[in-house]
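Here is a friendly walk through one structure, from its strands to a pocket and some unusual backbone spots. Please keep the 3D view open as you read.

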Amino acid sequence: MTTVTGKLLGAANPQRVEMRAELVDVTGKPAVGYVPSLDGELVRPVPIQPDNTGAWTVDLTPNTLIESTSGDTLWAVQEGRAKDGTPILTYIAVPETGSWWVGDIRADLSTTVTGQSTVVYLAGQPGPAGPEGPAGASGAAGQDGTDGASAYQVAVAGGFTGTEAEWLASLVGPQGEQGPQGPAGSTAEAQAYTDTAVAAHAGDTTAVHGIADTAALETTTGATAKVTAHTGAADPHGDRAWADSKFATTTDLGTTNATVTDLDGFVSDCLTRVSAIENGTAWLSGLNVAGSAIVSNGDLTVSDVTKGYRFRRGGSALDLEATGADLLISNWSGTGFNGTQRAYLRLSADAQNVQVAGPVESVAALYGAAVHKLDPASGVASLGGKNGLTAVRFAGLKATPGAPTTGDWTAGDAVADSTGAWWLCTASGTPGTWTTGALPSTGGTISGSLAVTGHALGQDTPAAHGLYAWPYPPAQAVNTTEVTNGVLYLTRVNIDANGTATKLYWWVGNTGSGPASGQNQVGLYDSSGTLLASATVDSAISSAGLKTTTITGQPVTAGAFYWVGLLFNASVPPSLTRGSGWTGVDAAANAGQTAATYQYAKNGTGRNALPATITPSSNTGTDFAGPWVAVGP
């Protein structure tokens, strides 16, 4: 074996560069060879493993000891591949002994074919200059040069003045004198000279046209006969051992050579793949495993001595696990782990802790609209949205009581102050418009309605009875008054919560009789005096007790007030329950209110049906606090 050394240059990781030495013929094609001194031993490709500096060493069989059907051989040393995948090769002729640097035994392949051989240039000491070779064939004609100046142009440049015709005329001199008559020539003498020269040329057998002996030249007839005889001879060269047409044709030899070449390529490829597997550089089914990566039973583990991660399918679930460091989940904007990297999730290695970077959206389905959103940049947690409602934006806790007074705010922002009261921004702005649903512990003012449930403030409320409103608790209706036929009685109720009114309640203390058909009615008016709904109650006046009259459902609004209107016409009108009937009750019960907002009122006389509209400012007070009524769902 002869040792060959070299070094890779410019490789970032030399140990991952694909290197090997392979036997080839003098044209660079893979060759099959063997060493006669070693029975049955084929010369195989030799893998090469450079160290981390790129230096490499390999022991190779000298080419002079190798026999091959391809003739003379060389070694092709592959030092990686070009970007397009082409192997980077250096051809060398390995001497029989010693240790050699790869560049000192390099062989350059030529495409020149001489006879049945190919020229190979091997490195060596320069030889002496050879004799001058014969002149080569004439080269192709060069391109025409730029036309030079004409003689006339030269003359003008030299100072001639005049046209070209004048210059030509200036070249013609005067007519010269006639010369003397020469002697007469002889045709016979000329012919004799020619005959002598031709005879001498024909008789010269030593150096005619560079041929030493013209007598040895063959005539056309003789040459043709000899070629015919040579072609028809059974063994013209005396080297044909077979005479029974068992010679292989050129086509047969070409087919055999192609088959051998294909087989050699297949064997070489197999050896290359086996070598790659042995050296750990093989690509297996698209997975390039380099470093501390293990695939076992469907689990992928990638680790070094300090940290790692694992995709594990064992157990009852699919696990993504990390060890030795925090696990970060991120995404790149580019297509090859390049561009902008955005880290979204951090799973701590030293604590049960998860961090999320950036806004977090909760959606009903992926890529759908956000239902809930946590935005650390703005400090807002947007939650809710059931049945199409707008989400509430929880913005934080104030260190002082009251609504925010500075900063930009958005409708829907909710803030808790230092007293525990919640404030809601109802209109965006700086600082926006705010409202609260509860009084702060330090006190405050409520304008408008206050929805209550149960026995709020220790009082018996309509809500505790499943009603929207009444003028006073029914237990305070301790007397009755017989109503006057044709008078429209109005009792105001204040609504503290939104709802839909479908029931009107009123109370007969003493029965009436002989109701006029269709002229006993109960209805609901809004604060503008519009009749919203009504029902006829002719039969209800003939019995005492609480009456429940159903009307078409009407929306009622928190903070607004409505009137329940009652109108009766009968032989004996009913007596309705009421509160106080003392003198002056009309003024006392409506104190501080205008006619258009009276608590207890009358509106018109001589009526036989509830009017579609009334004029609230025409209301007059009643002489009793009533009648008692209620509105419910």
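## Strands, a core and a pocket

Strands β22 (residues 392-397) and β23 run parallel and are joined by four bridges. The model is a predicted one, in which local features need pLDDT of at least 70 and side-chain atom pairs count only at pLDDT 80 or more, while totals for chains, interfaces and linings use all residues. Residues are numbered from 1 along each chain as its sequence is written, and side-chain values use heavy atoms, with hydrogens and water left out.

A few terms help here. Helices (H or I, at least four residues) and strands (E, at least two) are DSSP runs, numbered from the N terminus. Two strands count as paired if DSSP finds at least two bridges between them. Buried means under 20% relative accessible area, exposed means over 50%, and partly exposed lies in between (1.4 Å probe, protein chains only).

**Around β23.** In the pairing with β22, F394 has A414 of β23 as its bridge partner. On to the next neighbour: three bridges join β23 to strand β24 (residues 422-427), and these two run antiparallel. Here A416 is matched with W422 in β24. β23 and β24 form a hairpin with five residues between them, and G420 in the turn has a positive phi of about 95 degrees. Are the faces of β23 covered or open? Both are covered: D413 and V415 on one side, and A414 and A416 on the other, are all buried.

**Around β5.** Strand β5 (residues 55-60) shows an alternating pattern. W56, V58 and L60 point to one face and are buried, whereas A55, T57 and D59 point to the other and are not. Six bridges join β5 to strand β1 (residues 2-7), with the two running antiparallel. V58 of β5 is the bridge partner of V4.

**A three-stranded sheet.** Strands of a sheet pair through backbone hydrogen bonds, either parallel or antiparallel. One open sheet has the order β16-β17-β18, with antiparallel pairing. Its edge strands, β16 (327-332) and β18 (354-356), each pair on one side only. From one strand to the next, the twist averages 25 degrees (axes are lines fitted to C-alpha atoms, and angles run from 0 to 180 degrees between N-to-C directions). Three bridges link strand β17 (residues 341-347) to β18, and R346 is partnered there with Q355 of β18.

**The largest nonpolar core.** A nonpolar core is a set of buried Ala, Val, Leu, Ile, Met, Phe, Trp, Tyr and Cys residues joined through side-chain atoms within 4.5 Å. Of the 28 residues in the largest one, W506, L524, V564, L566, F568 and V631 touch the most other members. Elements giving two or more residues to this core include β27 (489-494), β30 (521-526) and β33 (561-567). Which strand gives the most? That is β28, with four residues.

**The second largest pocket.** On a 1 Å grid over the protein atoms alone, a pocket is an open set of points where a 1.4 Å probe fits, with protein on both sides within 12 Å along at least five of seven lines; lining residues have an atom within 4 Å of a point. The second largest pocket has a volume of about 370 Å³ (the space filled by probe spheres set on the points). It is lined by 14 residues, and D25, T69, S70, N257 and T261 are the closest to its centre. Helix α5 (residues 250-279) supplies the largest share of the lining, five residues.

**Unusual backbone spots.** Most residues other than glycine have a negative phi, and most peptide bonds are trans. The table gathers the exceptions discussed here.

| Site | Backbone feature |
|---|---|
| T430 and P431 | cis peptide bond, omega about 10 degrees |
| G626 to P627 | cis peptide bond, omega near 5 degrees |
| F337 | positive phi, near 55 degrees |
| Y367 | positive phi, near 70 degrees |

P431 lies in the loop between β24 and β25 (433-436), and P627 in the loop between β37 (620-621) and β38. F337 sits in the loop between β16 and β17 and is exposed, with a relative accessible area of 71%. Y367, in the loop between β19 (360-363) and β20 (370-375), is also exposed, at 87% relative accessible area.
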